[in-house]
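I opened this notebook to keep a record of what I looked up, entry by entry. The topics are backbone angles, salt bridges, polar contacts and surface patches.

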Amino acid sequence: MSTHAKAAAKFLADRERAAWHDRALYHVREKRDRMAHAVPEWEALRQAASEIKLHTLSHLGRYLEEFERNATANGMVVHWASDAREMNRIVLDILRRHGGRTLIKSKSMLSEECGLAPFLAGQGIDAVESDLGERIMQLMHRPPSHIVLPAIHVRREEVGELFERELGTARGDSDPTYLTHEARKHLRGKFLTADVAMTGVNFAVASEGAFAVCTNEGNADLGTSFPDLHIAIMGLEKVVPDYRSLAVFTRLLARSATGQPVTAYTSLYRRPEPGKQIHVVIVDNGRTESLRNEAHRNMLKCLRCGACMNTCPVYRRSGGYSYSYFIPGPLGINLGMLRSPERYAGNVSGCSLCYSCSNVCPARIDLGEQIYAWRQEMDADGVADTRKKLTVEGMDVVMRHKTLFYTGLKLIPWVPRFVYNNRFNPWCAGREMPHFARRSFNELWKEGKSQRKKRRNDEYEGSYPDTSGAQRDARAPDACTGFRARKVR
């Protein structure tokens with residue numbers, strides 16, 4: 001059993017939660033579909049986004065240097081980090097130079113990728129998540145289970161109990177409006193007293209030296225309003241050429257992510273206010289290596305909208321924690337394999353190859369096709385499941401030999417079911433093997449073909465008069481002669 005299957009079994013043990021998780025995410029998928037259908041040029045936008053990303057990735061060095069040059073001219077400070085360790089060190093150095101002890105941050109999957117919050121906590125710096133879902137998960141000491149909806153798997157009753165324990169809210173009150181107001185009061189103090197603000201970067205505009213941050217709660221705007229220092233962290237693939245390109249992505253992002261026309265707050269940061277600082281940390285952390293991978297470099301087109309997760313039947317029914325990579329779903333399967341096939345190969349089985357993820361991706365990333373390609377590479381990488389490998393090799397031998405195959409079809413219905421329908425068969429985890437028919441489709445087809453042929457012959461013979469002997473022999477020449485005579489005339 002794969003690591004994904006083992007972890008999914010824990011999530012599926014709570015059937016009610018699994019069913020609710022499935023419905024909640026598919027509701028978001030349906031909202032996305034309604035938004036997409038309301039935009040006549042939707043497919044043209046997707047194609048444009050794909051081509052812009054491909055162009056930018058093909059000239060990545062040029063656009064990153066252009067962004068650095070223009071951002072510096074605007075008064076920002078740009079840093080470069082080769083990996084997670086260097087990014088964390090750069091952030092810590094900036095904080096120490098500024099004398100910062102408390103950090104208010106908006107949601108950033110890059111900080112999750114680099115383990116920034118635990119690192120800063122070890123240095124005595126409190127990094128508070130200001131996104132409500134992220135704050136819930138932070139108080140639970142758990143990572144997010146979705147890149148856009150981090151607490152989608154948590155029931156409101158659980159949030160009520162958490163807030164009662166951590167924030168002192170009313171006992172047994174799990175009303176969403178009440179809990180939201182209590183969270184707002186709790187976070188307001190954090191906003192007002194933070195020394196430093198941190199955001200991610202949804203898009204960095206090379207031609208302007210500006211970057212966009214998209215949120216629905218306004219927490220990034222509020223967080224960056226009070227402190228004198230704003231640190232923005234971005235993966236190097238986030239750069240786009242210009243504002244026209246940005247317009248394409250902002251039309252796609254929220255519609256794909258949550259089924260909204262646009263995020264409630266789409267804020268552009270171009271230059272620091274007088275007396276304040278903006279530091280931008282551009283992070284590689286394996287991205288240039290991924291760019292060299294011709295078969296899988298399309299993953300760098302990703303907008304981080306989460307649409308692939310919302311539509312994925314496996315993710316919806318198995319939960320975010322069933323994946324060993326910090327990003328779940330089709331996106332996480334591919335990114336994890338790009339990072340380390342040895343560590344994350346267990347996630348590749350968490351895909352039905354329905355390709356729904358490819359169909360909804362706003363940047364037209366071939367997510368499902370890439371997962372299929374990873375499966376073909378697993379044996380060469382030495383990470384293929386031994387049992388599955390032996391099973392496939394056995395099937396290959398049987399299906400390549402016609403006699404062996406048809407003999408097996410004849411014998412299998414007579415084999416006692418307990419031989420193959422047991423707990424040692426991975427397929428039987430949660431299901432039973434099918435009952436094999438006594439007669440194969442091939443036999444039935446051949447029998448039917450023979451009967452149809454006989455019926456046609458009978459109909460053909462029955463279309464002529466029943467003449468026999470001398471009478472038939474006598475008529476035949478006249479008929480032939482008459483036919484020839486008519487043709488001549």
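Is His141 buried or exposed? I worked on a predicted model, and there His141 has a relative accessibility of 69%, so I entered it as exposed.

**Entry 1, backbone angles.** I went on to the phi angle of His141, which is near 60° and therefore positive in a residue that is not glycine, and I placed the residue in the loop between H8 and helix H9 (156-166). I noted beside this that most residues other than glycine have a negative phi. Asn285 also has a positive phi, about 50°, without being a glycine. I found Asn285 in the loop between strand E10 (277-283) and helix H13 (287-291), and because its relative accessibility is 10%, it counts as buried.

**Entry 2, salt bridges.** My search of the whole structure returned 26 salt bridges, and I followed up some of them. In one, the side chains of Asp93 and Arg89 meet with an N to O distance of 3.1 Å. These two residues are 4 apart in helix H5 (residues 84-98), which means that about one helical turn separates them. Asp93 is partly exposed at 28% relative accessible area, and Arg89 is likewise partly exposed, at 41%.

I then looked at Lys105, which forms a salt bridge with Glu129, with 3.0 Å between the closest N and O atoms. Since Lys105 lies in strand E2 (residues 102-105) and Glu129 in strand E3, this pair ties together parts that are 24 residues apart in sequence. I recorded both Lys105 and Glu129 as buried.

Next came Glu113 and Arg339, a salt bridge whose closest N and O atoms are 3.2 Å apart. Glu113 is in helix H6 (residues 109-114) and Arg339 in helix H16 (residues 329-339), so the bridge ties together parts 226 residues apart in sequence. Glu113 is buried, with a relative accessible area of 16%, whereas Arg339 is partly exposed at 36%. When I traced shared partners, I found that salt bridges join Glu113, Glu237, Arg287, Arg304 and Arg339 into one network.

**Entry 3, polar contacts of Ser130.** Which side chain does the side chain of Ser130 contact? I found a polar contact with the side chain of Asn219, at 3.0 Å. A polar atom of the Ser130 side chain also lies 2.8 Å from the backbone oxygen of Lys105, and Lys105 is the residue I had already listed as the salt-bridge partner of Glu129. Ser130 sits in the loop between strand E3 (126-129) and helix H8 (132-140), and with a relative accessible area of 2% it is buried, the cut-off being under 20%.

**Entry 4, surface patches.** I listed a positive patch on the surface made of Lys402, Lys446, Lys449, Arg452, Lys453, Arg455 and Arg456. Helix H22 (residues 441-461) supplies the largest share of this positive patch, 6 residues. Arg456 belongs to helix H22 and is exposed, with a relative accessibility of 51%.

I also listed a nonpolar surface patch of Met395, Val397, Val398, Met399 and Leu404, which together have about 450 Å² of accessible area. Here helix H20 (residues 386-400) gives the most, with 4 residues. Val398 is found in helix H20, and I entered it as partly exposed because its relative accessibility is 32%.

Note on methods: Residues are numbered from 1 along each chain as its sequence is written. This is a predicted model: local features need pLDDT of at least 70, side-chain atom pairs count only at pLDDT 80 or more; totals for chains, interfaces and linings use all residues. Side-chain values use heavy atoms; hydrogens and water are left out. Patches are made of residues with over 30% relative accessible area and no salt bridge: like charges are joined within 9 Å, nonpolar side chains (Val, Leu, Ile, Met, Phe, Trp, Tyr) within 5 Å. Accessible areas come from the Shrake-Rupley method with a 1.4 Å probe; for residues, only the protein chains shown count as cover. Lys and Arg count as positive and Asp and Glu as negative; His and the chain ends are not counted. The place of a charge is taken as NZ of Lys, CZ of Arg, CG of Asp or CD of Glu. Buried means under 20% relative accessible area, exposed over 50%, partly exposed in between (1.4 Å probe, protein chains only). A polar contact is a pair of N or O atoms within 3.5 Å; within protein, one must be able to donate a hydrogen and the other to accept it, and residues adjacent in sequence count only if both atoms are side-chain atoms.
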